[in-house]
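Student: I would like to learn how to read a helix and a sheet from the coordinates. Could we begin with the helix?

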Amino acid sequence: MKHTIIILLKSTENWLTQSEGKQNLFFEEEIKPILETLKEKLHVRFFNSESFNTRISNYLIIETNSLHDYQDFFDALHQTKVFGDYFTAQEIIMGVEKNA
């Protein structure tokens with residue numbers, strides 16, 4: 001069964017004051033290794049929406065067949081500065097693909 005999870009994020013002042021180079025470095029050093037370990041189990045896409053939405057600055061769309069793998073990903077993110085320091089999760093939406 002294919003699950004889709006959308007995590008709506010709001011960036012903090014700590015994130016916004018980082019240069020684009022530092023933001024990219026954080027992604028390369030902290031997030032990319034997590035994605036590499038789960039690349040066969042999760043499909044994760046990151047979106048920037050701050051130019052289009054005042055409440056949500058970024059969001060993730062995650063597709064997986066295993067909620068356990070999603071939980072591993074979410075737990076790994078908590079070991080970084082993603083939650084709290086750089087972003088706050090505004091909402092998590094989960095659904096099951098119809099007719100999949």
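**Reading a helix and a sheet**

Tutor: In α3, the buried residues (under 20% relative accessible area, with a 1.4 Å probe and protein chains only) are Asp69, Tyr70, Phe73, Phe74 and Leu77. Viewed down the axis of α3, these buried residues lie within an arc of 140°, taken from the directions from the helix axis to the C-beta atoms, so they line one face of the helix. This is a predicted model, in which local features need pLDDT of at least 70 and side-chain atom pairs count only at pLDDT 80 or more, while totals for chains, interfaces and linings use all residues. Residues are numbered from 1 along each chain as its sequence is written, and side-chain values use heavy atoms, leaving out hydrogens and water.

Student: Against which elements do the buried residues of α3 pack?

Tutor: With contact meaning heavy atoms within 4.5 Å, the buried residues of α3 pack against β1, α2 (20-38), β2, β3 and β4.

Student: What caps the N-terminal end of α3?

Tutor: Ser66 does, with a side-chain oxygen 3.3 Å from the backbone nitrogen of His68.

Student: What is the order of the strands in the open sheet?

Tutor: Strands are DSSP runs (E, at least two residues) numbered from the N terminus, and two of them pair if DSSP finds at least two bridges between them. Here the four strands of the open sheet follow the order β2-β3-β1-β4, with antiparallel pairing. Because β2 (42-48) and β4 (87-96) each have a single partner strand, they stand at the edges, and one side of each is left without a neighbour in the sheet.

Student: How many bridges join β1 to β3?

Tutor: Seven bridges join β1 (residues 3-11) to β3 (residues 58-64), the two strands running antiparallel, and Leu9 has Asn58 as its bridge partner in β3.

Technical notes:
Buried means under 20% relative accessible area, exposed over 50%, partly exposed in between (1.4 Å probe, protein chains only). A polar contact is a pair of N or O atoms within 3.5 Å; within protein, one must be able to donate a hydrogen and the other to accept it, and residues adjacent in sequence count only if both atoms are side-chain atoms.
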